[in-house]
Amino acid sequence: MERLQKIIANSGFCSRRKAEELIKSGKVFVNGLKVTDLGTKASYSDQITVSGHNLKLEDKEYILLYKPRGVVTTTSDEKGRKTVMDLVETTNRLYPVGRLDYDTSGLLILTNDGELTNLLIHPRSQIEKVYVAKVEGVIRSDLLKKMCLGVLVDGKKTARAKAKIKKIDKKKNFSLIEVTIHEGKNHQIKKMFEAIGYKVIKLKREKFAFLDLHGLKSGEYRHLTIKEVKTLYSLF
Ligand code: URA
């Protein structure tokens, strides 16, 4: 159970302050009953109507997390390491959509919407993912081109990818490269660089489809808006 204004704000309908105004002015109904008390709690499975609009959240929750390095992408870890679930406050059983390695940071979606998860992680989903990789050494553009045309990862050729060199530091001996892929094989980016002879020393996912990390610091999260969820569904 959560405060009604928080649920409304989390749905992306409006800000929490605006939700409070709407509650006070009698525009909010929970399961058909008008609610004007700001202390009222509800759950995501309640039918909530705001100014005649059904929030239709049912029991679905969608979180966009800026995963820090040093956290596992599972719901529990047998080694007792910190998991992505330790970073979010929820009463729902959420699952990560795909995975980021323990030492990878960046954008990760958590949800209990199995239908959307299946669509997003399906090998044919073609969702665009943008990573920034810090690799050891000075990157050779001919090898980067080769990587983008497809290299062998776990015995299979990767699909075409895009890469942009963001920085080369000869003194410190590293390169920063933005890579865009549409697949999601295990350790894909690290293995793609390995295939052309480079070691990834830091990796961050900056974008997933049209979503990015704007406004979030490492370890922080926000709820997707209804519009964002609908847009994700519209990709299929
Ligand atoms: N590719 C990797 O190598 N690791 C990740 O965590 C994500 C993509």
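## Polar contacts of the ligand

In this predicted model, a backbone N or O atom of Gln188 lies 3.4 Å from a nitrogen atom of the ligand. Two further backbone pairs involve ligand oxygen atoms: one is 3.2 Å from a backbone N or O atom of His187, and one is 3.0 Å from a polar backbone atom of Lys190. A polar contact is a pair of N or O atoms within 3.5 Å. Of the 240 Å² of accessible area that the ligand has on its own, the protein covers 96% (Shrake-Rupley method, 1.4 Å probe).

Local features need pLDDT of at least 70 and side-chain atom pairs pLDDT 80 or more, whereas totals for chains, interfaces and linings use all residues. Residues are numbered from 1 along each chain, and side-chain values use heavy atoms, without hydrogens and water.

## The surrounding shell

Leu100, Asp101, Thr104, Tyr131, His187, Gln188, Ile189, Lys190 and Leu203 surround the ligand, each with a heavy atom within 4 Å of it. By class, the shell holds 4 nonpolar, 3 polar and 2 charged residues; Tyr counts as nonpolar in this scheme. Helix H5 (residues 188–195) gives the largest share, 3 residues (helices are DSSP runs of H or I, at least four residues).

## Position among the domains

The chain is divided into domain 1 (2–54), domain 2 (62–124 + 212–233) and domain 3 (128–208), with bounds from an automatic or database domain assignment. The ligand lies between domain 2 and domain 3, because both give residues to its shell. The C-alpha centres of domain 1 and domain 3 lie 45 Å apart.

Conventions. Polar contact = N/O pair within 3.5 Å; in protein donor to acceptor, adjacent residues only side chain to side chain. Helix = DSSP H or I, 4+ residues; strand = E, 2+ residues; numbered from the N terminus.
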